[in-house]
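Colleague: I am new to this structure and would be glad of a close look at one part, with enough of the surroundings to place that part in the whole. Could you take me through it slowly, in one connected account?

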Amino acid sequence: MGRITPDSFFGLPEWLMTTLFLIAMAASCEIGFKLGLRSRVEDKTKALVPMVAASILGIMGLLLGFTMSMSVSRFDTRRRLVLEEASAIKTAYLRMQALPEPESLELENLLRQYAASRLYVSLNALNMRIIEQGRKEDARLQNEIWSRTVVLARKDPHSMPVALLMESLNNAYDVAGSRWISFVAHVPESVVYVNAVIGLIAVLLVTYDFGMTGHRHLLSTAMMVFSISMVMSLIVGLDRPHSGVIRVSQQPLVELQQELAHPAH
């Protein structure tokens, strides 16, 4: 079972990452403007600067769009897997009711504990200690439920309810594994860093052009910096739905736990 290792820059809180990037963008703007004021270039060369800046901005737009698509895709996958896991656990629970007592009651109780553990870990995804302990508990419950089901299968190899239960348990465990993979799989840091560097270069060139004219254009500069920073923040937020403002709803698991806590029979 793999351990969670904190990322370098991505290990920081989202608000701090956004703040640091805003500071870096502001510094880049000031450097670009000061360089533009001190530049001594020919008019023909000056005319090329806006063209280069526009080209860099175009490249940055493509990169941001590509990275945003990656983040949205991962976010949708995580949201879909929550629903799939709740559905798989519920199916297993319903199929357990077809088993004879007392085995069915024992398995149902274990599955309730498993569903509660899965929800608890999902709701405390910021706490690495809880995640690691929760994964150990999930593995223990999975093994316990599976071993008891195997005993039933050996007692009656031709039992259709047991065969269907094993199928649904296998599906629930597979989805749990997929959720873990989606949890640790992020947009590559190098892609985000390239976006950040291109953004810094773009604002530096734009403000360099402003410096050559001797006018700061504070409103347009502020809007450009704010827009790029917010898009970058949104990308990171979608890619880290367990720690940012944008969260993957765990409502399907919440409703499942409530349903299992008040069984119909």
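The request and the answer to it follow here.

Colleague: Please look closely at helix α3 (residues 103-123): how does α3 pack against α4, and which residues of α3 and α5 meet?

Modeller: Before turning to α3, I should say that this is a predicted model, and that a brief view of the whole will help in placing the helix. The protein has 8 helices and 0 strands, so that, read from the N terminus on, its elements run α-α-α-α-α-α-α-α. Its radius of gyration is 27 Å, well over the 18 Å that the globule rule gives for 265 residues, and the protein is therefore more spread out than a compact globule. The C-alpha trace spans about 90 × 30 × 30 Å along the principal axes. Of the 265 residues, 42% count as buried, and among the contacts with a separation of 6 or more, 84% are accounted for by residues 24 or more positions apart.

Now to the part you asked about, beginning just ahead of it. Pro102 has its place in the loop between α2 and α3, and the peptide bond that leads from Glu101 to Pro102 is cis, with omega near 5°. Helix α3 itself covers residues 103-123, and it packs with helix α4 (residues 128-155) at an angle of about 160°, the two axes lying 9 Å apart. Since angles over 145 degrees count as roughly antiparallel, α3 and α4 are therefore roughly antiparallel to each other. Their crossing is left-handed, and sorted by class the contact of α3 with α4 has 11 nonpolar, 5 polar and 9 charged residues.

One residue of α3 shows this neighbourhood in detail, namely Leu110, which has its place in that helix. With a relative accessible area of 10%, Leu110 is buried, because buried means under 20%. If its neighbours within four places in sequence are left aside, Leu110 is in contact with Leu141, Glu144, Ile145 and Arg148. Of the pair Leu110 and Leu141 one can add that they are 31 residues apart in sequence and 6.9 Å apart in space, taken from C-alpha to C-alpha.

The other partner to consider is helix α5 (residues 160-184), whose axis comes within 13 Å of that of α3 and crosses it at roughly 15°. That makes α3 roughly parallel to α5, whereas α3 and α4 are roughly antiparallel. The crossing of α3 and α5 is left-handed. On the side of α3 the residues that take part are Leu107, Tyr114, Arg118 and Ser122, and in α5 they meet Leu165, Ala172, Tyr173, Ala176 and Arg179. By class, the residues of this contact of α3 with α5 divide into 6 nonpolar, 1 polar and 2 charged.

For comparison, it may help to look at a helix pair elsewhere in the model. The axes of α1 and helix α7 (residues 218-239) come within 10 Å and cross at roughly 150°, which makes α1 roughly antiparallel to α7. The crossing of α1 and α7 is right-handed, while that of α3 and α4 is left-handed. Among the α1 residues that meet α7 are Met17, Phe21, Leu22 and Met25, and the α7 residues they meet as a group include Val225, Ile228, Met232 and Val236. The contact of α1 with α7 has 10 nonpolar, 5 polar and 1 charged residues.

Also in helix α1 (residues 14-38) lies Ser28, which is buried, with a relative accessible area of 7%. Residues up to four places away in sequence not being counted, Ser28 touches Leu200, Val203, Leu204 and Thr207. A further link between distant parts of the sequence involves Pro50, found in helix α2 (residues 43-96). Pro50 counts as partly exposed, at 34% relative accessibility, and although Pro50 and Asp209 are 159 residues apart in sequence, they are 6.5 Å apart in space, C-alpha to C-alpha. Finally, in the loop between α6 (189-213) and α7 lies His217, which has a positive phi of about 55° although it is not a glycine, and which is partly exposed, with a relative accessible area of 41%.

To return to your question, α3 is thus roughly antiparallel to α4 and roughly parallel to α5, and Leu110 of α3 is in contact with residues including Leu141 and Ile145.

Methods
Residues are numbered from 1 along each chain as its sequence is written. This is a predicted model: local features need pLDDT of at least 70, side-chain atom pairs count only at pLDDT 80 or more; totals for chains, interfaces and linings use all residues. Side-chain values use heavy atoms; hydrogens and water are left out. Axes are lines fitted to C-alpha atoms, for helices over the stretch in contact, and angles run from 0 to 180 degrees between N-to-C directions. Helices (H or I, at least four residues) and strands (E, at least two) are DSSP runs, numbered from the N terminus. Angles under 35 degrees count as roughly parallel, over 145 as roughly antiparallel, 65 to 115 as roughly perpendicular and the rest as oblique. A crossing is left-handed if the near helix is turned anticlockwise from the far one by less than a right angle, and right-handed if clockwise. Ala, Val, Leu, Ile, Met, Phe, Trp, Tyr, Cys and Pro count as nonpolar, Asp, Glu, Lys and Arg as charged, and the others, Gly among them, as polar. The radius of gyration is taken over C-alpha atoms; the globule rule is 2.2 Å times the number of residues to the power 0.38. Buried means under 20% relative accessible area, exposed over 50%, partly exposed in between (1.4 Å probe, protein chains only). Contact means heavy atoms within 4.5 Å.
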